[in-house]
Amino acid sequence: MKTLYSRCAGLDVHKEEVVACVRLVGRRKVGREVRRFPTTTRGLLELGDWLERGGCTHVAMEATGYWKPVWHILEDWFALVLANAAHVKNVPGRKSDVNDATWLADLLAYGLIRASFVPPPAIQELRDLTRTRKQLTREIVQHAQRIQAVLEEANVKLASVISNVLGPSGRRILQAMIAGETDAAKLAALGSERLGCPRAALAEALTGRVREHHRFLLAQHLRTIEQLEESIAAFDARIEAALAPFQDAVERLTAVPGIGATAAQVIIAEIGNDMSRFSTAGHLLSWAGLVPRLDESAGKRRSTRIKKGAPWLKPILVQCAWAAARKKSSYFQAQFLRLKARHGAKKAAVAVAASILTTVYHMLGDGTCYHDLGAQHFARRDPNKTAARLANRIRNLGYNVEIRPAA
C-alpha cells in the first residue's frame, strides 16, 4: 500500500493527557516514537514543538469530547484530520492508549481516514450560540411541563381550555394564583377576550384546590422561565451580530418554503456557507443522516432506515419539511403528497427534508435564489404516465375511457 504521508502523527486525546505517536518512514523501515503530554496549554504547546521537530506535516485525532482545545492550538502548525471514532475502530482486544495513537498514525499515513467536517472558527462560534439557544428553549419546555403537572395536582384544568399556558392570559392567571387569588371568577376575568373558550368554562377549569405548596412551585418555575427567556433574548442578539457576514445567505434561505429565520440561522451554523467542503449534494445528505443506510447481506436488504448523525441539523430540517408540506401549490407539497400515499407521512417528510437540504446546497454553492418548480412539476415531467394513472382511476370507478393525443 502506498504511503501518502511519510511524517505524520496520531493523537489519542483524553481529559488530562494526550498520547502522541510520530510515524517516520526511513529508507528501509518505519520508525515510531510515542510520548505523553498533559492537556494544559503549556503541555499542548510542548506537543506542537515536539511534532514540529519530528518534521510532521499531518496529524490525526479522534472526535472525542476533548479534541477542540488540541485542535485550536495545533491547527496553525499542521494539517489536522479529525476522525470519526466509529470509522477507525481497531481490532477488538488490542485497546490501549499507545495502540490507539499508533493505529491512527498508520491509518493517516496510508490515507485511510475519512476526515470529519470541521467548520471555520466563525461558524464554530455561531454553532455554539445556536445549540445553546436550543438547549435553553428545551429547558423552558421542561419547566412548562412541570407547571402543567403542578396545576393538574391542584385540579386546575387550565391547559384544557387554553392552548398556551405561558401566553399573556395564562401568565396573568398564574401570577394571580401565586399572589394568593382563589376566586375562579376573578381569575377567569384575567383572560383575554380573544380566548376561544367562554368565561364560564374558564372559571370552571380554574376551580381547584391550590395550596401554598403549589403557589411556591408555580412561582419558582415561572421565575426560571422568565430568566431563561431573558437569556434567549441575549443569545438572539448575539446570533444576529455573528450572522452579519452571512446575512445575504440567511435572507435567500428564508425564501425556501418551510425555512424561517431561526431555521436558516441553524442551517448556516451547522453546515456553513462554503459548500466546497462537500463534493456533491449527496455527500452533504449523507453527512446529515438523510439517506437510507446500506445494510445488505446475502443479497437481501435488511434495513433502509436513515443513518444516524447530525442531531442538531436533522430535526430542524424535518420541522422545515412539515411546514413546507403545508405550503399550497408548491413543489415540496406535491412531493410530500406523492410520497405520502405510498410510504406514509413520516418517510415523506424525511424525503422532503432531503430535498430542502439539496436546495440549500445548490443555493449556497452557486449563490442563486430559490425558484419553486410548482405543484405540477411531476405531471409535466412525464405527462403520459400522469394521463395513464388518471385513466386507470376512472376505469376503477367502472367507466370506459380511451386516451388520445389532442390534435
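This report walks through a five-stranded sheet, two helices that pack on it, and a few single residues in a predicted model.

## The sheet and its order

Let's start with the sheet. Strands pair through backbone hydrogen bonds, either parallel or antiparallel. Here five strands form an open sheet in the order 3-2-1-4-5, and the pairing is mixed. Strand 3 (30-38) and strand 5 (79-83) stand at the edges with a single partner strand each, so one side of each has no neighbour in the sheet. On average, and with direction ignored, neighbouring strands are turned by 20° against each other.

The table below lists the pairs of strands.

| Strand pair | Sense | Bridges |
|---|---|---|
| Strand 2 and strand 3 | antiparallel | nine bridges |
| Strand 1 and strand 2 | antiparallel | seven bridges |
| Strand 1 and strand 4 | parallel | four bridges |
| Strand 4 and strand 5 | parallel | five bridges |

Two hairpins help you follow the chain through this sheet. Three residues link strand 1 to strand 2 in a hairpin. Strand 2 and strand 3 also form a hairpin, with four residues between them.

You can also trace the sheet residue by residue. Which residue of strand 2 is the bridge partner of Gly-10? That partner is Cys-21. In strand 4, Gly-10 has Ala-60 as its bridge partner. Ala-60 in turn stands opposite Val-81 in strand 5. If you hop from Cys-21 to Gly-10, then from Gly-10 to Ala-60, and on from Ala-60 to Val-81, you have followed a path across the sheet. Two further pairs to look for are Met-61 with Leu-82 in strand 5, and Val-25 with Val-30 in strand 3.

## A covered strand

Is strand 4 mostly covered or mostly open? Strand 4 is mostly covered, since five of its five residues are buried. This holds for both faces: His-58, Ala-60 and Glu-62 are buried on one side, and Val-59 and Met-61 are buried on the other.

## Two helices on the sheet

Helix 1 lies across strand 1 (7-13), strand 2 (17-25), strand 3 and strand 4, and runs at about 165° to strand 3. Helix 2 packs on the sheet as well, touching strand 1, strand 2, strand 4 and strand 5. The direction of helix 2 makes about 165° with that of strand 5.

The two helices also meet each other. Two packed helices are described by the angle between their axes and the distance between the axes. For helix 1 (residues 41-53) and helix 2 (residues 67-74), the axes come within 10 Å and cross at roughly 50°. The two helices are therefore oblique to each other. The crossing of helix 1 past helix 2 is right-handed.

Which residues of helix 2 take part in the contact with helix 1? They are Pro-69, Val-70, Ile-73 and Leu-74, and they meet Thr-41, Leu-44, Leu-45, Leu-47, Gly-48 and Leu-51 of helix 1. Sorted by class, this contact has eight nonpolar residues, two polar ones and no charged ones.

## Three residues to find

Now let's visit some single residues. The contacts given for each one leave out residues up to four places away in sequence.

Leu-80 is in strand 5. Its relative accessibility is 15%, so Leu-80 counts as buried, the cut-off being under 20%. Leu-80 is in contact with Val-59, Met-61, Trp-71, Leu-74 and Glu-75. Far along the chain, 321 residues from Leu-80, is Val-401; the C-alpha atoms of the two are 66 Å apart.

Leu-24 belongs to strand 2. Is Leu-24 buried or partly exposed? At 26% relative accessibility, Leu-24 counts as partly exposed. Leu-24 touches Ser-6, Arg-7, Lys-29, Val-30, Gly-31 and Gly-54. Between the C-alpha atoms of Leu-24 and Gln-135 there are 45 Å, and these residues are 111 residues apart along the chain.

His-143 takes us to another part of the model, helix 4 (residues 121-153). With a relative accessibility of 13%, His-143 counts as buried. Where can you look for the contacts of His-143? His-143 touches His-221, Thr-224, Ile-225 and Leu-228.

Technical notes
Residues are numbered from 1 along each chain as its sequence is written. This is a predicted model: local features need pLDDT of at least 70, side-chain atom pairs count only at pLDDT 80 or more; totals for chains, interfaces and linings use all residues. Side-chain values use heavy atoms; hydrogens and water are left out. Axes are lines fitted to C-alpha atoms, for helices over the stretch in contact, and angles run from 0 to 180 degrees between N-to-C directions. Angles under 35 degrees count as roughly parallel, over 145 as roughly antiparallel, 65 to 115 as roughly perpendicular and the rest as oblique. A crossing is left-handed if the near helix is turned anticlockwise from the far one by less than a right angle, and right-handed if clockwise. Contact means heavy atoms within 4.5 Å. Ala, Val, Leu, Ile, Met, Phe, Trp, Tyr, Cys and Pro count as nonpolar, Asp, Glu, Lys and Arg as charged, and the others, Gly among them, as polar. Buried means under 20% relative accessible area, exposed over 50%, partly exposed in between (1.4 Å probe, protein chains only). Two strands pair if DSSP finds at least two bridges between them.
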